[in-house]
Each structure stands twice: as structure tokens, then as C-alpha cells.
Amino acid sequence: MIQAAESTQVEPITIEAAYEAVRERSLQIARPLSAEDCAVQSMPDASPIRWHLAHTTWFFETFLLRGDPTYQVFDPGYEYLFNSYYNQVGEQYPRTQRGLITRPGLDETLAYRTHVDRAMLRWLRGPSRSEEQTSVLRTGLNHEQQHQELMLTDIKHALSCNPLWPVYDDRAFESSTSEETDWSVVEPGQYEIGHVGPGFAFDNESPRHTVYLNGCKVSGSLVTCGEYLRFMNEGGYERPEFWLSLGWSHVQDEGWTSPLYWVRRDDQWFQFTLAGLKPVCPEWPVCHVSLFEADAYARWAGQRLTTEFEWEVAQRQCADADSAESVPDQFADHLLNHQKAIHPTRNSNSLLGGVWQWTSSSYAAYPGYRPPEGALGEYNGKFMCNQYVLRGGSVATDSQHVRPTYRNFFPADARWQFTGIRVAQSL
């Protein structure tokens, strides 16, 4: 879950404005979609857009409004229908069957959001909140921002299943390239890892602790499509010596021959984006690859993936001290980038942005980590098994979440997120 790092009370008008902005952002993402688009579940790992809109609303109703004796629940059945994985709240409708839910329809789902938003705004304008309530509220806002990223990745996968290659946003598509930069050297030694200081962070970003690193060089550039094409052209998907055993099994069983969303037509590679089918640009960072593919590419190139700790130290070193925890300017218009699904030019003083970057680190608790008590303690801790850490944020990540300590995590075979590659070399 997300916890407030500071104990100071936030002014109600600030929280109210933040609540309205976050909630509107979800509707903005859904606005170009039809009711049919919003009902589709294209694979078990994805969810219908309508479910995202309802579940994020369920969160505020469940964890804040149900404690208010004056609040009237919109529909008692939603407690079961839109509970994602909170066992302490109650049973959940099966995740793999969310696409079978035809009712409530989109209109009723939006009515549910309106009902909860009105109650939440009354609550926000009421008496002062406790520190615990403020922390839960912030959890809800950041939780919805995470689902906004999932909305974009999930609808991209759903639209990719259509042989007509439909466009999510029809504005002019402008490519953006990744500039080549120097390698960042991480000297051998002890380093502090994890969130510290004022601001907001997920509980899995702490406690801050010391690690020893043997030293490495971290590439200042993301691996590009052109570089990955060379790996493909040299038989990368046909040579088991580059692959982890389980990864090679996926190549064989799933028939992988390229990153997800790549299509070959008349000897030319295209990739599906939220702006439709576009020719692969060799200068773009490669995107939608699994950990297995990232690791195989690194082995082919005579390099390796970073650990999450090497990545964090390298990011802190290459960023200016005054802006080490800040968001790069490239995210100022991140909505436009979301809709076009372009890869923004990376900040020359930052490893942040563009695509999520796989690390070789298994997702595990930091030393001394304790999940918060209650149902919200299930937010992160219960997933610390069979997952790998990604760092850096992507074009679909909310700008407020892009920071050096942010830890994303997915199974090694996941490809539908905006995931890419940054390599390292041992000293």
C-alpha cells in the first residue's frame, strides 16, 4: 500500500483538488473508447476498462465511505464484484472472468463513480480527518493512478487483438528517439537504498537500508529497436544458449519471434501502438519485451541486466543533486504521450522514463519491512514471490510515480506492459 511519509495535515482544498483531478484523469483515458471497448478482457492478466473504473471507485467506498454512518452504499453486490484481491474484505469475483460481467454496464458504472464522488467530496469538505484517514486517502489516489497505467496497457492489448488495428487516438503521430549517452560508473562500496525524506512512497520502497555493490557500468541509453533487430537477425530467438531455461520454454511454447505487437509485412517490421500500426523506428527504445527476452539480449550483447540496487545508485549519480527525486520534464505532457504511445526522448541526466526497465532482482521485501496492518497491508507484501523488479517508469506511468526508488514488479514472462531494456557491465 501507499503511506504518507510525513505526518503533517494536508489542507482540505489541496486534497479535494487532487481527488477531483485523479478521478477525472480516469474518465479522460476512457473517453475515446466505446462501451464495447470498455467491456473487453483480452487475456487473464488484463481487466476491462469498465472494471478499472468500478474497482477504483470501490476502493474509496470500501476503505473510507463505509465508515461513515450517513453514507448509503450504491449497490451491496459491488463489494464482491469489484474486490480485486483483498481477502480481509471478503471473497472476490474471479479475475479471469471479469470480461464476462455485462452488468453493470458502462452507464451504471459511471453512475456509481458519480455517487461515490459526491459522497467523497462531501466527506472531504467536512470535519478534519485523522492521520490514518489521510494516509488511506492518499493510498486511494495513488492506487487509481496505478490503474490508469493499467487502463492504457490493457486497452492496448485488447485493441491489438483486432486485425483492423484500431486507433485509440487519431491525432498526428510524431516519433521521438532515444539519444545515446555515456555509461554511468558505480564504484564498489556501500550505498543507501530506498525512500527517505518528505514526500510520498509505496511501502515496498522502504525501509532505507545499506547494500554493498561490487561495482559496474550502467548504460546511459535504453536498448533501441535497431539494436534488438540485430539480435533477432542473428538468430536470437533460435539460439538456446542465450536463454534461461524457462525463457527458452516460453519461446518454444508461445512461438515468440519478436517483441509483443511487432508485425512483419513485406519484409518490413511494424509495431502496434495506441496510434495504430506504425513502422518500427530503429532509434526508438525497444518495448514490450519480457524479462526472458531482456536477459537473452543482454547475454547476446556480452552484457547483463542491472540489479535494482545498481539501477537506483546509477540514477542518483547521474541526476543533479537538487533534482534527484524529481520528475523529468519529458513527462509534462504525459497524457499526449499516453495516447500516442510514443517513446519520449529520455532526459540526458536521468535513467527515468520511456519504458520500464527490467532488472535481475527478484521482488522481495527490504530488510526490516513489515506490511501495514489490516486489509490494506495486502497491497504489496503478498506479491513478493515469483516476480522481478522493474525500475524507471514508462510513457504510461503517472508523472507523480516516476522516482528513483519506485519498484514495479511483474512475472518474468510479462510483455504487455511498456517494458524495455537497460544493460550493465561488471567492472
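A disulfide is taken here as a pair of cysteine sulfur atoms within 2.5 Å. The model is predicted, so that local features need pLDDT of at least 70 and side-chain atom pairs count only at pLDDT 80 or more, while totals for chains, interfaces and linings use all residues. Residues are numbered from 1 along each chain as its sequence is written, and side-chain values use heavy atoms, with hydrogens and water left out.

**Exercise 1.** Determine how many disulfides the whole structure holds, and explain why cysteine 225 has no such bond to its closest cysteine sulfur.

*Solution.* Begin with the search of the whole structure, which returns zero disulfides. Next, take cysteine 225: the closest cysteine sulfur belongs to cysteine 281 and is 7.2 Å away, which is too far for a bond. Finally, consider burial (buried means under 20% relative accessible area, exposed over 50%, partly exposed in between, with a 1.4 Å probe and protein chains only): cysteine 225 is buried at 0%, and cysteine 38 is buried at 1%.

**Exercise 2.** Describe how helix 2 and helix 5 are arranged, and which kinds of residue make their contact.

*Solution.* Helices are DSSP runs of H or I with at least four residues, strands are runs of E with at least two, and both are numbered from the N terminus. Axes are lines fitted to C-alpha atoms, for helices over the stretch in contact, and angles run from 0 to 180 degrees between N-to-C directions. The two axes come within 9 Å and cross at roughly 175 degrees. Because angles over 145 degrees count as roughly antiparallel, under 35 as roughly parallel, 65 to 115 as roughly perpendicular and the rest as oblique, helix 2 and helix 5 are roughly antiparallel. Their contact (heavy atoms within 4.5 Å) includes Phe59 and Phe63 of helix 2 and Leu150 and Met151 of helix 5. By class, its residues divide into 12 nonpolar, seven polar and two charged, where Ala, Val, Leu, Ile, Met, Phe, Trp, Tyr, Cys and Pro count as nonpolar, Asp, Glu, Lys and Arg as charged, and the others, Gly among them, as polar.

**Exercise 3.** Aspartate 267 and histidine 288 each have a positive phi; establish where each lies and whether each is buried or exposed.

*Solution.* Aspartate 267, with phi of about 65 degrees although not a glycine, is found in the loop between strand 7 and strand 8, and its 69% relative accessibility makes it exposed. Histidine 288, also not a glycine, has a positive phi of about 65 degrees and lies in the loop between strand 9 (276-279) and helix 8, but at 1% relative accessible area histidine 288 is buried.
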